[in-house]
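Got the viewer open and a selection box ready? Let's take a walk through this chain, one pick at a time.

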Amino acid sequence: AADIFVFTGGADIHPRIYGERILEVTYPNPARDDFELAAYHKIPKEKAKVGICRGAQLLNALNGGKMWQDVNNHGGWHHALHLNVRGIVEKDVVVITSIQHQMMIPTYKAEVLGVAFESTHKIKAGKDIQGTFFTDPEVVWYKEDRAFCFQGHPEFGHKKTTDVFFKLLKHVGIG
């Protein structure tokens, strides 16, 4: 059996997964959701799960988190990922890309390992807020579920981002 299960990027996850109604800004793939939900529930609890982009959002939701269904300023490369994990990266800014317009809202069970300060407008069911800059979780760890959520794409070729991705995996005991 596999030691690590990876959930990759793609279409929005359906808000029904985290108990909210769908908004006109959300474009899910229900068939993929159903497939991945079934797969997730077959994974033994002690096995590690890694989510990249959409996969991070799915793992976040399956651990009780919610989602902003639309967040601006995350549609490409940005230099605002601020990681603060003692002994790995100390307040380091790395290049990251989020080709998703959705962002995680983790639960109290999550350890937030990285954030960005990019968005100025967020929408979720019942909320449409604007401000100067919001804190957007980019890297989240759910220890109890062994679920590592990385909003960006370490595979897109920026060496420092890829290095941080693997250092953080090692930090949480995966890899």
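What follows is a series of stops, each with something to select and what you'll find there.

**Whole chain**

Before you click on anything, bear in mind that this is a predicted model. Colour by secondary structure and you should get three helices and twelve strands. Of the 175 residues in the chain, 51% are buried. Switch on a surface and you're looking at about 8300 Å² of exposed area, with carbon and sulfur atoms supplying 56% of it. If you like contact maps, take contacts between residues at least 6 apart in sequence: 67% of them join residues at least 24 apart.

**The largest core**

Now select Ile13 and Cys149, the residues with the most contacts inside the largest nonpolar core, which has 18 residues. Which elements should you show around them, if you want those giving two or more residues to this core? They are α1, α2, β11 and β12. The largest share, four residues, comes from α2.

Stay on Ile13 and expand the selection to whatever it touches, skipping residues up to four places away in sequence. Among the residues you pick up are Tyr18, Pro28, Leu58, Ala61 and Met67, and charged Asp33 and Arg54 are on the list too.

A second core, separate from that one, has 16 residues. To find it, pick Ala48, Val50, Ile96 and Phe150, which are included in it.

**Salt bridges**

Next, show the Lys, Arg, Asp and Glu side chains. Side chains of opposite charge can pair when their charged atoms come close. The count here comes to nine salt bridges.

- Start with Lys47 and Asp3, where the closest N and O atoms are 3.6 Å apart. Lys47 is in the loop between α1 (30–42) and β2, while Asp3 is in the segment before β1 (4–7), 44 residues apart. Are the two ends buried or exposed? Lys47 counts as buried at 17% relative accessibility, whereas Asp3 is exposed at 58%.
- Go on to Glu20 and Lys124, with the closest N and O atoms 2.9 Å apart. Glu20 belongs to the loop between β1 and α1 and Lys124 to strand β9 (residues 121–124), so look for a link across 104 residues of sequence. Glu20 counts as buried at 14% relative accessibility, and Lys124 counts as buried at 15%.
- Then pick Lys49 and Asp145, whose closest N and O atoms are 3.4 Å apart. Lys49 sits in strand β2 and Asp145 in the loop between β11 and β12, so this pair ties together parts 96 residues apart in sequence. Lys49 counts as buried at 1% relative accessibility, and Asp145 counts as buried at 1% as well.

For something beyond a simple pair, select Arg32, Asp33, Glu36 and Arg54: they are linked in a network of salt bridges. Asp33 and Arg54 should look familiar, as both touch Ile13.

**Odd backbone angles**

Time for the Ramachandran plot. Most residues other than glycine have a negative phi. Which way does Cys53 go? Its phi is positive, near 55 degrees. You'll find Cys53 in the loop between β2 (48–52) and α2 (54–62), and it is buried, with a relative accessible area of 1%.

Arg146 also has a positive phi, about 55 degrees, without being a glycine. It lies in the loop between β11 (136–142) and β12 (147–150). Unlike a buried residue, Arg146 is partly exposed, with a relative accessible area of 25%.

**Helix α3**

Last stop: select residues 159–171, which make up α3. This helix has 13 residues and runs 18 Å from first C-alpha to last, close to the 18 Å expected at 1.5 Å a residue. Look down the axis and colour Thr161, Val164, Phe165, Leu168 and Leu169, which are buried. Why do they end up on the same side of α3? Because they cover an arc of only 140 degrees around the axis. Flip to the other side of α3 and you'll see Lys159, Phe166 and Lys170, which are exposed.

Finally, step just past the end of α3 to Gly173, where phi is positive at about 90 degrees.

Definitions and conventions:
Residues numbered from 1 in each chain as written. Predicted model: local features only at pLDDT ≥ 70, side-chain atom pairs only at ≥ 80, totals over all residues. Heavy atoms only, no water. Buried < 20%, exposed > 50% of the residue type's maximum accessible area, 1.4 Å probe, protein only. Expected span 1.5 Å × (residues − 1). Arc of directions from axis to C-beta. Contact = heavy atoms within 4.5 Å. Areas by Shrake-Rupley, 256 points an atom, 1.4 Å probe, with all protein chains shown as cover. Salt bridge = Lys/Arg side-chain N within 4 Å of Asp/Glu carboxyl O. Core = buried A, V, L, I, M, F, W, Y, C linked by side-chain atoms within 4.5 Å.
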